[in-house]
Amino acid sequence: MQTIKQSIMQDEANQIYTQQQIAPLYQVSPTAKVLIIGQAPGQKAQDRQKLFADASGNRLRAWLGVDEELFYESGQIAILPMDFYFPGAGKSGDLPPRKGFAQKWHPLLLEQMPDIQLTLLIGHYAMERYLGIKKSTPLTQVVQDYQRYLPTYFPLIHPSPRNQIWQKKHPWFDQEVLPCLKKQVENILK
């Protein structure tokens with residue numbers, strides 16, 4: 001895995017980060033059973049060199065029914081963002097992950113994790129890549145149809161506190177989706 005990390009850092013497309021001594025940000029373990037595929041790290045995550053170490057992470061861990069120790073230190077949960085570096089800020093939030101990044105690096109890292117039993121897809125970019133949905137497909141529709149993608153994938157909205165309004169508009173998420181998610185994760189990690 002160290003060889004893959006070095007290859008990522010030496011890649012011409014990542015030199016701007018490597019020159020600034022910014023390491024690629026992901027969490028991989030050969031014993032991982034649950035994989036989280038999200039967008040790209042935010043500025044704070046990149047600065048701290050720790051994914052989901054914020055309010056979004058607190059919500060995500062609550063959704064999964066796991067504590068920080070299990071999330072970060074057990075080796076059972078892996079995290080692969082669609083880009084391992086903060087892509088920059090845009091007009092209304094962070095810029096999207098760079099095109100082609102996940103296609104290039106995810107397969108190499110996925111080979112190192114043979115025991116993945118469930119992959120959580122957080123956000124539209126992950127769903128487009130792994131479910132093959134179109135950009136025009138509403139995220140709400142994909143999340144509501146989550147059972148269609150089980151047992152391999154579990155599509156989710158981003159756990160950002162900004163999505164509390166979305167959750168209030170869609171009570172089925174808290175009533176049906178989150179209990180199913182917790183049960184899936186509990187059964188896999190027990």
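The following exchange concerns a buried residue and two pockets in a predicted model.

Local features need pLDDT of at least 70, side-chain atom pairs count only at pLDDT 80 or more, and totals for chains, interfaces and linings use all residues. Residues are numbered from 1 along each chain as its sequence is written, and side-chain values use heavy atoms, without hydrogens and water.

Me: Why is A78 called buried?
Reply: Buried means under 20% relative accessible area (1.4 Å probe, protein chains only). A78 has 0% relative accessibility, so the residue counts as buried.

Me: Which residues is A78 in contact with, beyond its neighbours within four places in sequence?
Reply: Contact requires heavy atoms within 4.5 Å. On that criterion A78 touches Q27, V28, A32, V34, L35, I36 and M113.

Me: What is the volume of the largest pocket, and what counts as a pocket?
Reply: On a 1 Å grid over the protein atoms alone, a pocket is an open set of points where a 1.4 Å probe fits, with protein on both sides within 12 Å along at least five of seven lines; lining residues have an atom within 4 Å of a point. The largest pocket has a volume of about 970 Å³, and 34 residues line it, with Q39, A40, G42, D94 and H158 nearest its centre.

Me: What is the volume of the second largest pocket, and which residues are closest to its centre?
Reply: The second largest pocket has a volume of about 260 Å³. Its lining comprises 13 residues, and P97, R98, K99, Y125 and E128 are the closest to the centre.

Key:
Buried means under 20% relative accessible area, exposed over 50%, partly exposed in between (1.4 Å probe, protein chains only). Grid points are joined across faces, edges and corners, and a volume is the space filled by probe spheres set on the points.
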